[in-house]
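Please look at the sequence and the model together as you read, and keep a finger on each part as it is named. The paragraphs below go from a strand to a helix, then to some loops and the ligands.

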Amino acid sequence: MLKKILGKAVTTLAGRDDFAIPEHDSPLFAGIDWDRLPRHVAVIMDGNGRWAKGQGMLRTAGHSAGVKTLKNILKTAIGLQLDALTVYAFSTENWKRPEAEVDFLMNLFSEYLKKELQEMHEDNVQIHFIGRLDGLPPSLQKQMREAEELMQNNTGVKFNVAANYGGQDELLRAVQQIALAVKNGQLDPSAIDEALIEKNLDTVGNLPVDLMIRTSGDKRLSNFLLWQAAYAEFYFTDVPWPEFSPECFVDAMKDFASRDRRFGGLTNK
Ligand code: IPE
Ligand code: IPE
Ligand code: MG
């Protein structure tokens, strides 16, 4: 009980509730080089559990706090006019966690959608879910489809939420689809190129990832966007996801602007 009460108090402090989309000339954006922003940012939102434990709370309180962070980072991405924000919410490996934690997360996704749907729509967000969605609870799948439909004609930031997502699983599904087309005589193997593979990925229609952010200290990809991050810049921070503020996100943008992206060549031109 005490943990529950404490959990509420601390999570309220951790993420601001009243954070609005920052204007172009907002102090938050001071010092940003608008010509050198990433277009597609991916985020591995890690450290919820460790953060909560560190506060003497249950791991699940960390996930609740993480949702608030996500809301504010999406608002910041909108203010920055990024083309796409892709976030890792649940991996194909996360089923290994205790059932109670998995159930809590599935519920949290459902509640998040219920609560935030309308506001995201008003913010002109195009939501899209990536991953093996048919492995998720049917009621959640339905909510996801409805959310995508509601926002399908929006023109703002592409907000991709990875749920039951694994980069290897995504590539496997793409290979199966392509192989089927070959088998049916619709496709010659020599016609398989990078563009065709991209067409068969969940992220079809998105630009490659420019910047990959991982919070909470670990420096690995954990099976996220293996194909799409081929030439991404990586940004690792020790800040746990529940404490990752819009200021932290802007710091990552500034760091990105200082990178020399050569793409195998000798200059970044
Ligand atoms: C990230 O936080 C959220 C999910 C994987 C769903 P974690 O739950 O991995 O938190 P840590 O890394 O154990 O602290
Ligand atoms: C990656 O975090 C997945 C998500 C953020 C959803 P994990 O916490 O599951 O990754 P590992 O286990 O540390 O590699
Ligand atoms: Mg983790």
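Two strands are said to pair if DSSP finds at least two bridges between them, and the elements themselves are DSSP runs, with helices being H or I runs of at least four residues and strands being E runs of at least two, numbered from the N terminus. What you see is a predicted model, in which local features need a pLDDT of at least 70 and side-chain atom pairs count only at pLDDT 80 or more, while totals for chains, interfaces and linings use all residues. Residues are numbered from 1 along each chain as its sequence is written, chains are lettered from A and ligands numbered from 1 in the order in which they are written, and side-chain values use heavy atoms, with hydrogens and water left out.

Begin with strand β1, residues 40–44, which has a parallel partner in strand β5, residues 211–214, the two being joined by four bridges. One of the residues to find here is V41, whose bridge partner in β5 is L211. Strand β1 also pairs in the parallel sense with strand β2, residues 84–91, over five bridges, and in this case V43 has V87 as its bridge partner in β2. How many of the five residues of β1 are buried? Five of the five are buried, where buried means under 20% relative accessible area, exposed means over 50%, and partly exposed is in between (with a 1.4 Å probe and protein chains only). The cover is found on both faces of β1, since H40, A42 and I44 are buried on one side, and V41 and V43 are buried on the other.

Helix α4, residues 99–122, is the next element to follow. The expected span of a helix is 1.5 Å times one less than its number of residues, so the 24 residues of α4 should span 34 Å, and this agrees with the 35 Å between its end C-alpha atoms. There is nevertheless a kink of about 50 degrees in α4, centred on E116, where the bend at a residue is the angle between axes fitted to the seven residues ending there and the seven starting there. E116 is also among the buried residues of α4, which include V102, L105, F109, Y112 and L113 as well. The elements that cover the buried residues of α4 include α3 (59–79), β2, β3 (126–130), α5 (138–150) and β4 (158–165), with contact meaning heavy atoms within 4.5 Å.

Just after α4 comes N124, which takes a positive phi of about 65 degrees. N124 is one of the residues touched by N154, along with H121, V125 and Q126, when residues up to four places away in sequence are not counted. N154 is itself found in the loop between α5 and β4, and it counts as buried because its relative accessibility is 12%. The side chain of N154 reaches the backbone oxygen of V125 at 2.8 Å, which is a polar contact, that is, a pair of N or O atoms within 3.5 Å; within protein, one must be able to donate a hydrogen and the other to accept it, and residues adjacent in sequence count only if both atoms are side-chain atoms.

Two other residues can be set side by side. Q81, in the loop between α3 and β2, has a positive phi near 55 degrees although it is a residue other than glycine, and L225, in the loop between β5 and β6 (233–236), has a positive phi of about 45 degrees and is not a glycine either. Are these residues buried or exposed? Q81 counts as exposed because its relative accessibility is 66%, whereas L225 is buried, with a relative accessible area of 0%.

Finally, turn to the ligands, for which a residue is near if one of its heavy atoms lies within 4 Å. Around ligand 1 there are 13 residues, of which D46, G49, R50, R59 and R97 come nearest. A polar backbone atom of G49 is 2.9 Å from an oxygen atom of ligand 1, and a polar side-chain atom of R97 lies 2.6 Å from an oxygen atom of that ligand. The residues around ligand 2 include I44, D46, N94, R97 and S222. A polar side-chain atom of S222 lies 2.6 Å from an oxygen atom of ligand 2, and an N or O atom in the side chain of R97 is 3.2 Å from an oxygen atom of ligand 2.
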